Every structure is written in C-alpha cells, then in structure tokens.
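Here are a few short exercises to work through with the model on your screen. Try each one before you read its solution.

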Amino acid sequence: MLFNTLVLNIIYSVLFSPTMKTQPWAILLVALTTLITASAQALYKVGVTTLSIDTSQFTSIMGIFWFCFNLLTTPYIFLGLLLYVIGFIMLMIAYKGGEASVLYPIFSSSYVWVVLMGYFLFNESLNIPKIGGVLLIVLGIVVLAKGNSAASMEVPA
Amino acid sequence: MTASWAIGLTVLAGLCGGAGAVALKEGSNRLKISLPELAKNWPLILGVGLYAGSVFFFVPALKGGEVSVLFPIIALSYVWVALFSSFFLGERMNKPKWFGILLVILGVSLIGLGS
C-alpha cells in the first residue's frame with residue numbers, strides 16, 4: 001500500500017515535475033543512491049590501491065589517455081563506474097522531487113556508508129572522529145530537511 | 001604532506017561537483033524520456049560532464065594527498081551548490097539550511113581526520 005503511494009508519487013513527479021519543496025521520498029531515494037555510490041567508492045578503493053600512478057604520464061596527451069584507459073579498465077574500478085551510472089539514474093529521478101541545495105548535501109550520507117562499510121567489510125577501525133563525523137552528518141541532514149520545509153513556507157518577498 | 005597539486009585538483013573537483021549538481025537539477029527539470037530530447041537537454045549533458053570531471057579530478061587527488069586535508073575541501077561543494085542554486089535556480093536559502101550544510105561539512109571533515 002505504502003509502496004504503491006510511493007511509486008505513484010515518483011511517477012507524478014517525473015511526469016509533471018511541478019516546482020515543489022523537497023519531497024521526503026526524494027530525500028530517501030538520495031540516501032539509497034548514496035548507498036549505491038558508497039559501494040562504488042568501496043570498489044574504487046580496492047581498484048585504486050592496485051593502480052600505479054606515474055606522474056610522468058601527465059606530461060603528454062597520450063600519457064593522460066593511457067592513464068584514463070588504465071583507470072577505466074581496472075575491473076574493480078569498472079564495476080565502481082557501473083554502480084555510479086546506476087546511482088546517477090536514481091539521482092535524476094530524485095532531483096525531480098526537490099531542490100538541489102537540499103538533495104545534494106544528502107549525498108554526504110555516502111561518507112556514513114563508507115565508514116560503516118570500512119568497519120564491517122574492510123576491518124577498518126572506528127574512532128572518535130569517524131563516529132563524531134557520522135553523527136554530525138546525520139544531524140546536518142536532519143537540520144537541512146527541517147530547514148527545507150521552513151523555506152518552502154516562507155512568503156516570497 | 002599533501003601536495004599542492006592534490007589540493008588544487010580537489011578545489012576544482014569541488015567546484016565541478018557543485019556546478020554539476022545544479023546543472024543536473026536543471027537537467028532533471030527538463031527531463032523527457034526520448035533520445036532526441038535528451039540530446040537537446042544541454043544542462044543534463046553539462047551536468048554529466050561536470051559530475052564526471054569532479055570524479056576524475058578527485059580520484060587522483062586522493063592518491064596524492066591526505067583525506068584529513070582533502071575531505072574538508074571537497075565538502076565545500078555543498079556551499080557551492082547552495083550559492084549556485086540560489087543564483088541560477090532561484091532556490092531560497094535560510095538559516096537552518098546553512099546550519100545543516102555547516103554540520104555536514106564539519107562531519108565530513110571529522111571523518112577525514114579519523115581516516
């Protein structure tokens with residue numbers, strides 16, 4: 001029932017896209033997109049550590065081309081790119097549901113996912129700055145979402 | 001020590017990310033599911049280019065610098081989005097929104113410090 005309402009909301013916004021305050025479904029969709037993006041970043045992390053950077057490659061056009069080619073064809077990096085594309089499509093749908101100044105900072109929740117993934121998947125330690133950072137980001141997103149509803153209720157000057 | 005080229009690339013990546021977000025927002029406003037319409041959707045194409053640019057600038061920068069320095073710089077992209085979206089898209093900013101952005105920047109910086 002809830003799913004149907006959500007889907008109808010999304011379809012309505014995609015078809016008609018009236019100017020509106022940022023819808024909750026859009027905020028949630030961006031948070032989901034950031035989970036996809038964080039997975040892409042995790043794949044990048046694995047891929048980039050196996051990538052060797054030769055700064056002399058930057059001095060010529062061919063060097064830059066080969067750098068990009070090597071970057072793109074590393075398997076983990078390629079998978080990461082694929083997830084980025086999927087996340088991008090999801091983002092475009094989400095953008096139909098609200099303002100860029102609210103939705104783009106929601107993207108920062110990817111750092112939350114990266115910290116959590118680092119801890120559970122890559123055996124990285126949690127420390128006070130990371131935990132504090134995660135809490136601040138979540139708090140910032142909540143404040144932003146609340147500020148967004150206040151902005152839409154302001155009478156235009 | 002974080003090389004200055006890494007910092008420069010990160011500043012560029014942040015600006016591209018911020019500008020790209022606003023371009024993508026405008027592109028999503030004009031989104032029509034037909035191939036010729038998509039090709040005419042120049043904000044969408046610009047947004048994709050800027051978005052890809054920010055990624056391509058940031059990935060090498062991360063190799064050449066420390067996240068404790070680079071994360072706060074890339075987090076400034078949220079400020080750029082607020083400024084660009086007010087100017088180009090007429091999105092209104094208010095104190096809670098700015099405060100939320102500040103909290104997010106602080107949070108990202110802390111994560112950089114802890115990584």
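**Exercise 1.** By about how much of a helical turn are Trp66(A) and Phe69(A) separated in helix 3 of chain A?

*Solution.* A bit of housekeeping comes up front: this is a predicted model, where local features need pLDDT of at least 70, side-chain atom pairs count only at pLDDT 80 or more, and totals for chains, interfaces and linings use all residues. Residues are numbered from 1 along each chain as its sequence is written, chains are lettered from A and ligands numbered from 1 in the order in which they are written, and side-chain values use heavy atoms, with hydrogens and water left out.
Step one: find helix 3 of chain A, residues 61-73; helices are DSSP runs of H or I with at least four residues, and strands are E runs of at least two, numbered from the N terminus.
Step two: Trp66(A) and Phe69(A) sit three residues apart there, so about one helical turn separates them.

**Exercise 2.** Work out how the rings of Trp66(A) and Phe69(A) are arranged.

*Solution.* Start with the rule: rings of Phe, Tyr and Trp (its six-membered ring) pair if their centres lie within 6.5 Å, and planes under 30 degrees apart are stacked, over 60 edge-to-face, the rest tilted. That rule gives ten aromatic pairs over all chains. For Trp66(A) and Phe69(A), the centres are 5.5 Å apart and the planes stand at 85°, so this pair is edge-to-face. Phe65(A) joins these two in one aromatic cluster.
Next, check the cover, where buried means under 20% relative accessible area, exposed over 50%, and partly exposed in between (1.4 Å probe, protein chains only). Trp66(A), at 41%, is partly exposed, and so is Phe69(A), at 39%.

**Exercise 3.** Do the matching job for Phe84(B) and Phe88(B).

*Solution.* Their ring centres are 6.4 Å apart with 55° between the planes, which makes the pair tilted. Both belong to helix 5 (residues 77-89) of chain B; they are four residues apart, so about one helical turn lies between them. Phe84(B) is partly exposed at 24%, while Phe88(B) is exposed at 56%.

**Exercise 4.** Compare the span of helix 6 of chain A with its expected span.

*Solution.* Helix 6 covers residues 109-120, twelve in number. The expected span is 1.5 Å times one less than the number of residues, here 16 Å. From first C-alpha to last, helix 6 reaches 17 Å, close to that value. Its buried residues include Tyr111(A), Val115(A) and Met117(A).
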